[in-house]
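Work through the exercises below with the model open. Try each task before reading its solution.

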Amino acid sequence: MSSTPSFSTSRSGALFERAKAVMPGGVNSPVRAFRSVGGVPRFIASAQGAYLTDADGQRYIDYIGSWGPMILGHDHPAVREAVAGALGSGTSFGAPNEREVELAELVTRLTGAERVRFVSSGTEATMSALRLARGFTGRKYIVKFRGNYHGHADGLLVEAGSGLMTNAEGALGAAAPSSAGVPEEYAALTLVLDYNDPAALDALMGSRGQDIAAVIFEPVVGNAGVLIPTPEFLAALHRVRDHGTLLIADEVMTGFRLSLNGATGLLGLRPDLRCWGKIIGGGLPVGAYGGRAEVMEFVSPQGPVYQAGTLSGNPLAMAAGLATLRELEARPGLYAELGEYTARLATGLREAAEAAGVPVSINRLGSMLTVFFQDAPDGSVARYADAARSDTAAFAAWFQGMLARGVYWAPSQFESIFTSAAHGDAELNATLQAAAQAFQGVQS
Ligand code: PLP
């Protein structure tokens, strides 16, 4: 067990104090602040393979992977060399470059999307895809699902998942809109339904389908904890297209993670548009949206829907994305290996929780997993309201127990963890040993 320096004297603690004086909450993205689990967030000094090292020199087995991008593990040689190689040729041109063509060719080949547009974050991707859907259909309304997070564009901050579920002030079940600063008029254009409720979706489409530009969804949810779609729900999602409504799969988290063709490939989806982020940039800031040529040709300068970006197609970011996707393509067995590691993790966690008498319900698909602290069969947490029943105090205690033992789990009950190609037997055994002890420390 690694000893954790006391917060008051730790370098992370000192950095956090300095950070709070100059940045809201001391962070640049809310969940990093540890508000829902308490304590001082660790400031990370370096990352290698499956490990993070904090500013105090403590090492952690990393189950966040930068919230998804680091599927190959940190500091992968192919990615490092690609970025270093690009660096010598200049860092930003504001003009077309060959790497963006190469990455677009690779993404279209792997996913079957006919056209792709690169942006710099997942938020930009979903925001742009929705503008495109509205421009293409001439309709105003969109549908999203409770607990799904699609980035922080105004119209999408409506019942929007983890950061909002666990924010100390935000509390569970926040009414729409779920952020201050979002005019009700914007939020009113976003219709919210329960995930995994095909009857509600059919009913809404039956009554208002002609007004709805797009239905956007996480094909496997990560942002309410992992929620897995039922076949009936997926069928209802595909039926929205009968109304001339575009189906937008937000694969920012699942893209290139659940398979080379994301959840679309794994679950046999037929979306009109898809959004990507995270892995597509290999740890550098990249997002993208793409799909059928007929729709994508509506994007400027080809079409009337405006969207642009100073750093879009940035050569360093393109190099990191290319190296990552090429490496994934060169290792066809990797997805099975990730799934196997994560399945063994799930089994071990269940055994450890049972031994300690702590009720948990585990959802896992591929290399995504959530341990919900509640008494329900594994795989039964299907909707936001189910996830919200979890005991967040018990989760926080377990999280702290894991952290103290050198395992960096996602600091929120309502997140997926991510495993990587760098996680092996040594990491699995150490994680399960830490988990067993951390469960013993949870008051149930
Ligand atoms: N969509 C999904 C499914 C996400 O998980 C996220 C971020 O976690 C986003 C969109 C937003 O991406 P970004 O944080 O890159 O803006």
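Three exercises follow, each with a worked solution.

The model is predicted: local features need pLDDT of at least 70, side-chain atom pairs count only at pLDDT 80 or more, and totals for chains, interfaces and linings use all residues. Residues are numbered from 1 along each chain as its sequence is written, and side-chain values use heavy atoms, with hydrogens and water left out.

**Exercise 1. Place Asn 97 and find its partners.**

Solution.
- Start with the location. Asn 97 sits in the loop between helix H2 (77-87) and helix H3 (98-111). Helices (H or I, at least four residues) and strands (E, at least two) are DSSP runs, numbered from the N terminus.
- Next, accessibility. Asn 97 has a relative accessible area of 11%. Buried means under 20%, exposed over 50%, partly exposed in between (1.4 Å probe, protein chains only). Asn 97 is therefore buried.
- Then distances. The Asn 97 side chain reaches the backbone nitrogen of Arg 99 at 3.2 Å. A polar atom of that side chain lies 3.1 Å from the backbone oxygen of Gly 313.
- Last, contacts (heavy atoms within 4.5 Å). Neighbours within four places in sequence aside, Asn 97 is in contact with Gly 313 and Pro 315.

**Exercise 2. Describe how helix H12 packs against helix H15.**

Solution.
- Choose the descriptors. Two packed helices are described by the angle between their axes and the distance between the axes.
- Read them off. The axes of H12 (residues 334-356) and H15 (residues 425-440) come within 9 Å and cross at roughly 25 degrees. Axes are lines fitted to C-alpha atoms, for helices over the stretch in contact, and angles run from 0 to 180 degrees between N-to-C directions.
- Classify the angle. H12 is therefore roughly parallel to H15, a class for angles under 35 degrees.
- List the contact. Among its residues are Leu 345, Leu 349 and Ala 352 of H12, and Leu 428, Leu 432 and Phe 439 of H15.

**Exercise 3. Are the loop residues Gly 244 and Ile 228 buried or partly exposed?**

Solution.
- Take Gly 244, in the loop between helix H8 (231-239) and strand E8 (246-250). Its relative accessibility is 38%, so Gly 244 counts as partly exposed.
- Check its partners. Beyond neighbours within four places in sequence, Gly 244 is in contact with Thr 137 and Arg 139.
- Take Ile 228, in the loop between strand E7 (212-217) and H8. Its relative accessible area is 30%, so Ile 228 is partly exposed.
- Compare sequence and space. Ile 228 and Tyr 195 are 33 residues apart in sequence and 9.4 Å apart in space, C-alpha to C-alpha.

Definitions and conventions:
A polar contact is a pair of N or O atoms within 3.5 Å; within protein, one must be able to donate a hydrogen and the other to accept it, and residues adjacent in sequence count only if both atoms are side-chain atoms. Angles under 35 degrees count as roughly parallel, over 145 as roughly antiparallel, 65 to 115 as roughly perpendicular and the rest as oblique.
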